[in-house]
Amino acid sequence: ADLQKLMGSAASGTGRAELTLVATNGSIVPAYFSASAMVLEGLSPTLGIVATDLTERKRAEEEIRLLNRDLERRIRERTAQLNSINTLLIQEAEEREKAQAALESVNQRLSDVLESIQDSFLALDKDWHILYINRRAAQSLGHEPGELLDKQLWTVFPAIFRSPLKE
């Protein structure tokens, strides 16, 4: 039917069609046909037909289709993974923000308590660096608290280093 349609179109000019042929060995051969009516001088009207074997092209198209399908699957999987990871990162960031806010709140309350006491208070690390000093302690030493932070006690008050400790 398709071949007859091609011939009918070609009889009135040009016809093109993609047809499937069965070779003598039984294999299927996709082919592209182009047929044109031709009138050659001194001859009766003739039909010129050009056939092109599309087997390799069809094989390549199928391979591309399969590769595209696999690529799309992999993209969907990776996108799902990234969405999952992104959700976890957002949750982690929210948890960190909450933890940071809680830490800041605790630090502020501790600072408020240490600033409200009537005694001088300072906190030192194992190397005698001043980690915290309340305003009362800093003022009794003639400084602002910020001037003393992270300084080693002995460099700020060398006289303390040379004096004996009394019980």
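Here are three short exercises, with worked solutions, on a predicted model of a protein chain.

**Exercise 1. Find out how many helices and strands the chain has, and how spread out the chain is.**

Start with the elements: the chain holds six helices and five strands. Read from the N terminus, their order is α-β-β-β-α-β-β-α-α-α-α. Next, take the radius of gyration, which is 45 Å; the globule rule gives 15 Å for 167 residues, so the chain is more spread out than a compact globule. Then look at the C-alpha trace, which spans about 135 × 35 × 30 Å along its principal axes. Finally, check burial: 14% of the 167 residues count as buried.

**Exercise 2. Work out where the salt-bridge partners Lys58 and Glu61 lie, and whether they are buried or exposed.**

First, locate the pair: both residues belong to helix α2 (residues 55–116), three residues apart, about one turn of the helix. Now check the distance: the closest N and O atoms of Lys58 and Glu61 are 3.9 Å apart, and the cut-off for a salt bridge is 4 Å. As for accessibility, Lys58 is partly exposed at 28%, and Glu61 is partly exposed at 35%. To finish, widen the view: Lys58 and Glu61 join Glu18 and Arg57 in a network of salt bridges.

**Exercise 3. Describe the salt bridge between Arg59 and Glu63.**

Begin with the spacing: these two residues of helix α2 are four apart, about one helical turn. Their side chains meet with an N to O distance of 2.7 Å. Arg59 is partly exposed, with 42% relative accessibility, and Glu63 is partly exposed too, with 41%. The structure holds twelve salt bridges, among them this one.

Note on methods
Residues are numbered from 1 along each chain as its sequence is written. This is a predicted model: local features need pLDDT of at least 70, side-chain atom pairs count only at pLDDT 80 or more; totals for chains, interfaces and linings use all residues. Side-chain values use heavy atoms; hydrogens and water are left out. The radius of gyration is taken over C-alpha atoms; the globule rule is 2.2 Å times the number of residues to the power 0.38. Buried means under 20% relative accessible area, exposed over 50%, partly exposed in between (1.4 Å probe, protein chains only).
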